[in-house]
Amino acid sequence: MTTTLITGIAELVTHAEPGTLADAALVIEDGHIAWTGPAAQAPVADERITVDGRAVIPGFVDSHAHLVFAGDRAQEFSARMTGTPYSAGGIRTTVAATRAADDDTLRANLRRLTDEMLRQGTTTVECKSGYGLTVEDEARALRLAREQVEAVTYLGAHVVPAEYKDRPDSYVDLVKGEMLDACAPYADYADVFCERGAFDEEQTREILTAARARGLDLRLHANQLGNGPGVRLAVEFGAASADHCTFLDDEDVDALAGSSTVATLLPGVEFSTRSPYPDARRLIEAGATVAIATDCNPGSCYTNSMPFCIALAVREMRMSPAEALWAATVGGAKALRRVDVGHLGVGARADFSVLDAPSFLHLAYRPGVPLVHRVWKNGTPVI
Ligand code: NIG
Ligand code: FE
């Protein structure tokens, strides 16, 4: 088995040890991390590559994205910036465009977005359906997502589509019945947009119960646009993650803190909808596990840049740069219940970024600057 020594690392973040290591090296064997430590103590390897005084960090884990869609909603964004509030109703515009698109159009858009993500240091991606909202279109979205990403989530319960507007309960029956049957073979998780204007507590319970019975793990869009039952339901159902967490009361914070459900914060959404940011400090200080993800989608947040979300988390949510990096790597992995990614401990998948900077601090310190110099995935350079 060939071993590769990466040396010349000015600063290494592994997340297996607290803090950072200066003048470091790492060894890759068979696509995994075999050793990390001071460069002066590095073992001999078959090949040796220097990164010339750059920082190395674990690949980002983007645990929340909606990438199977056609078209965009740039006009909606423009209107929002001059005062029109965000409403989930815009989802139906993307549903119409997505239904009308052929498989290759959706595939090409997904490829463009995942390529952009890789170039920005994201090596593990979660992707949801939710812009099909028919049995065939939801199953198609998940099948296409499965071709390109590692974690796939069934979100038939995104909104009630226009044709079911007068009989939402029939749509819930479809989502937890025939649509679930068609989608479950392609999906790891089920998700519900539990929010006023989307799905209420009872509907959410029914869908989560049916999805769990089909063997899917659970995650939830919770408390994005207002207070509500979403976060408490996520904890009650033992969901992997409660996502958004923008409007929380004390009971929600206590529930998250006392559970293994990750609070996934999506600050790009607040940036792009001009909304108040979630209170990350309150969650961290209560003891909740916090992740950061992009929520890349054509409506509420059309960025897929984890470095940008880290900068927002630091500047707008008062997370320290170290907390934000942890949330974007280990936190995201926990939100997907993965232990093999998000860190560079021995045995982890060798997914990492080499930054054009001497320290990970530059991710937040130099917002908007393309600092990802090289990306390695499965022990191979891919960028
Ligand atoms: O996570 N909240 C629901 N879904 C997306 C928005 C989707 C859209 O506006 O197209 C979100 O923000
Ligand atoms: Fe989302």
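**Exercise 1. Classify the residues of the shell around ligand 1 and name those that come nearest.**

Solution. The shell of ligand 1 divides into 5 nonpolar, 8 polar and 1 charged residue, where Ala, Val, Leu, Ile, Met, Phe, Trp, Tyr, Cys and Pro count as nonpolar, Asp, Glu, Lys and Arg as charged, and the others, Gly among them, as polar. Of these 14 residues, Ile 91, Phe 193, Asn 297, Gly 299 and Ser 300 come nearest; a residue is near a molecule if its C-beta atom, placed from the backbone, lies within 6 Å of it. This is a predicted model, in which local features need pLDDT of at least 70 and side-chain atom pairs count only at pLDDT 80 or more, while totals for chains, interfaces and linings use all residues. Residues are numbered from 1 along each chain as its sequence is written, with chains lettered from A and ligands numbered from 1 in the order in which they are written.

**Exercise 2. Determine which residues of helix α2 are buried and how they are arranged about its axis.**

Solution. Helix α2 covers residues 91–100, and its buried residues are Ile 91, Thr 94, Val 95 and Thr 98. Here buried means that 20 or more other C-beta atoms lie within 10 Å of the residue's own, exposed that 12 or fewer do, and partly exposed is in between, with C-beta atoms placed from the backbone; helices (H or I, at least four residues) and strands (E, at least two) are DSSP runs numbered from the N terminus. Seen down the axis of α2, the buried residues fall within an arc of 110 degrees, so they line one face of the helix, the arc being that of the directions from the helix axis to the C-beta atoms. What covers them includes α4 (135–148).

**Exercise 3. Place two of the binding-site positions listed by UniProt, Arg 73 and Gln 224, in their surroundings.**

Solution. The unreviewed UniProt entry lists Arg 73, Tyr 131, His 158, Gln 224 and Ser 300 under "binding site"; such annotations may be inferred rather than shown by experiment, feature names are shortened, and positions follow the numbering used here. Arg 73 is found in the loop between β5 (60–62) and α1 (74–81), and counts as buried because it has 20 C-beta neighbours inside 10 Å. Leaving aside neighbours within four places in sequence, Arg 73 is in contact (C-beta atoms, placed from the backbone, within 7 Å) with Gly 90, Thr 93, Thr 94, Pro 298 and Gly 299. Gln 224 lies in the loop between β9 (217–222) and α8 (230–236), is buried with 26 other C-beta atoms within 10 Å, and, with the same neighbours left aside, is in contact with Glu 195, His 244 and Thr 246.

**Exercise 4. Find the loops that hold Asn 223 and Cys 245, and state the sign of phi in each.**

Solution. Most residues other than glycine have a negative phi. Asn 223, in the loop between β9 and α8, has a positive phi near 60 degrees, and is buried, with 26 other C-beta atoms within 10 Å. Cys 245, in the loop between β10 (241–244) and α9 (250–257), has a positive phi of about 55 degrees and is likewise buried, with 28 other C-beta atoms within 10 Å.

**Exercise 5. Describe Arg 80 and its partners distant in sequence.**

Solution. Arg 80 is found in helix α1 and is partly exposed, with 19 other C-beta atoms within 10 Å. Leaving aside neighbours within four places in sequence, Arg 80 is in contact with Tyr 86, Thr 273 and Arg 274. The C-alpha atoms of Arg 80 and Arg 274 are separated by 8.1 Å, although these residues are 194 apart along the chain.

How values were computed: Contact = placed C-beta atoms within 7 Å.
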